[in-house]
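Colleague: I should like to understand how the terms used for a protein model are justified. May I ask for the reasoning behind each of them?

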Amino acid sequence: MVGVIHRAGDGEALFRGRIVIKADFDQLCITESLFPDARPGADPHFHRKHADSFYVLEGGLAVLVEDEEKMLSPGACVCAPPRVVHGFRSTSSARFLNFHTPDGGFAENLRARDRGELGGFDSVDAPAGTGLPGSNAIFLPAGEGERLEGDRRVATIKIGREQLALIEFELEPGFEGPDPHSHGDHVDSFYVLEGEPEFLVGDEWLRLGAGSYVAAPIGVVHTCSNPGPGRARLLNVHAPSRGFHDKLRQGWKATDGEEPDAGLLVRVAPQ
């Protein structure tokens, strides 16, 4: 396996660029979507074996969870676990990330539909108000979540579930990051929201700006830092979580600046 590096706007563009596949792994599919105006997105449905999550970058989404529609502004997120009915629509021009964990055939479904074929994946149409209780879902407005503060970084746990750990990091200039390492049981990836953090992916170091995405599949060496001069914000995505969000809570104060030992982690000596 090799790492994935996408600068802003890069990826596999479908539907004339309205949907861009950023990540396509068995464990994780990430798409970045642009809706130019208020329009329908997906009718109520549920997934049998995977979670469906959203993070709003710009504009507004209305996301149905069970029988209640949640209004999302930039920085807000929703996670619908397996068998929780959900759907969405844009309320204005909107740009957002959509996470399917695991993929569940979603990426191939999008490709088929882009070719004009029927497609199909782990998705069941269902009336609002059916399925598992919406109390199993996660909804967090912008700025909310479990906030963990360190000397040079702040981590806000937005989603912490078996299928997905979604962490919003704020990195101060000079944040050195964890030692280079790899994971033996999950995909670790990053989406840059603000600033120009630095990433090691495999044997390549890069400074990447807002809208960029990097992924380290199983076995790929990686780390991230923020040499400055400005502050950086990014989303860190572990799929599946393999306990990453719990390890982050447990070891935060003691390991500020280090990677929690979540799952199978192999430290690699710097070159």
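Colleague: What makes β19 and β20 a hairpin?

Modeller: In this predicted model, strand β19 (residues 198-201) and strand β20 (residues 204-207) run antiparallel and are joined by four bridges. Pairing requires at least two bridges, so the four bridges between β19 and β20 satisfy the criterion. One of the facing pairs is E198 and R207. Two residues lie between the strands, and G202 in the turn has a positive phi of about 70°.

Colleague: Which residues have a positive phi although they are not glycines?

Modeller: F15 has a positive phi of about 55°, and R16 has one of about 60°. F15 lies in the loop between β2 and β3, and R16 has its place in the loop between β2 and β3 as well. A glycine, G116, takes a positive phi of about 90° just after α1.

Colleague: Why is R16 called exposed?

Modeller: The relative accessible area of R16 is 91%. The term exposed applies over 50%, and R16 therefore qualifies.

Colleague: How do you know that the structure has no disulfide, given that C77 and C79 are both cysteines?

Modeller: A disulfide is a covalent bond between the sulfur atoms of two cysteines. The sulfur of C77 has its closest cysteine sulfur in C79, at 8.2 Å. The two sulfur atoms would have to be within 2.5 Å, so C77 and C79 are too far apart for a bond. A search of the whole structure finds zero disulfides.

Colleague: Are C77 and C79 buried or exposed?

Modeller: C77 has a relative accessible area of 0%, and C79 also has 0%. Buried means under 20%, so both cysteines are buried.

Colleague: Why is the sheet that contains β1 and β14 called open, and what stands at its edges?

Modeller: Seven strands form this sheet in the order β1-β21-β18-β23-β16-β15-β14, with antiparallel pairing. β1 (4-6) and β14 (146-149) stand at the edges with a single partner strand each, so one side of each has no neighbour in the sheet. Neighbouring strands are turned by 15° against each other on average, direction ignored.

Colleague: How do you know that β1 and β21 are paired?

Modeller: Three bridges link β1 and β21 in the antiparallel sense. At least two are needed, so β1 and β21 count as a pair. V4 has A215 of β21 as its bridge partner. A215 is also the bridge partner of S189, and four bridges join strand β18 (residues 187-194) to β21. At the other edge, β14 pairs with strand β15 (residues 153-160) over four bridges, with E146 opposite I157.

Colleague: What makes both faces of β21 covered?

Modeller: Y213 and A215 on one side of the strand are buried, and so are V214 and A216 on the other.

Colleague: Which strands does helix α2 lie across?

Modeller: Helix α2 (residues 244-251) lies across β14, β15, β16 (165-171) and β23 (232-239), and runs at about 145° to β15. In the loop between β23 and α2 is P240, which a cis peptide bond joins to A239, with omega about -15°.

Colleague: What is the order of the strands in the sheet of five?

Modeller: The order is β8-β7-β10-β5-β12, again an open sheet with antiparallel pairing. β8 (68-72) and β12 (124-125) are its edge strands. Within the sheet, β7 (residues 61-65) and β10 (residues 86-90) pair over five bridges, and A62 has R89 as its bridge partner.

Colleague: Which residues lie nearest the centre of the largest pocket?

Modeller: They are G41, A42, F88, F106 and R113, among 29 lining residues. The pocket holds about 610 Å³ of space. β5 gives the largest share of the lining, six residues.

Colleague: Which residues of α1 are buried, and what do they pack against?

Modeller: F106, A107, N109, L110, R111 and A112 are the buried residues of α1. They pack against β2 (12-14), β3 (19-24), β4 and β11. P102, in the loop between β11 and α1, is joined to T101 by a cis peptide bond with omega about -10°.

Key
Residues are numbered from 1 along each chain as its sequence is written. This is a predicted model: local features need pLDDT of at least 70, side-chain atom pairs count only at pLDDT 80 or more; totals for chains, interfaces and linings use all residues. Side-chain values use heavy atoms; hydrogens and water are left out. Axes are lines fitted to C-alpha atoms, for helices over the stretch in contact, and angles run from 0 to 180 degrees between N-to-C directions. Contact means heavy atoms within 4.5 Å. Buried means under 20% relative accessible area, exposed over 50%, partly exposed in between (1.4 Å probe, protein chains only). On a 1 Å grid over the protein atoms alone, a cavity is a set of points where a 1.4 Å probe fits but cannot get out, and a pocket is an open set with protein on both sides within 12 Å along at least five of seven lines; lining residues have an atom within 4 Å of a point. Grid points are joined across faces, edges and corners, and a volume is the space filled by probe spheres set on the points.
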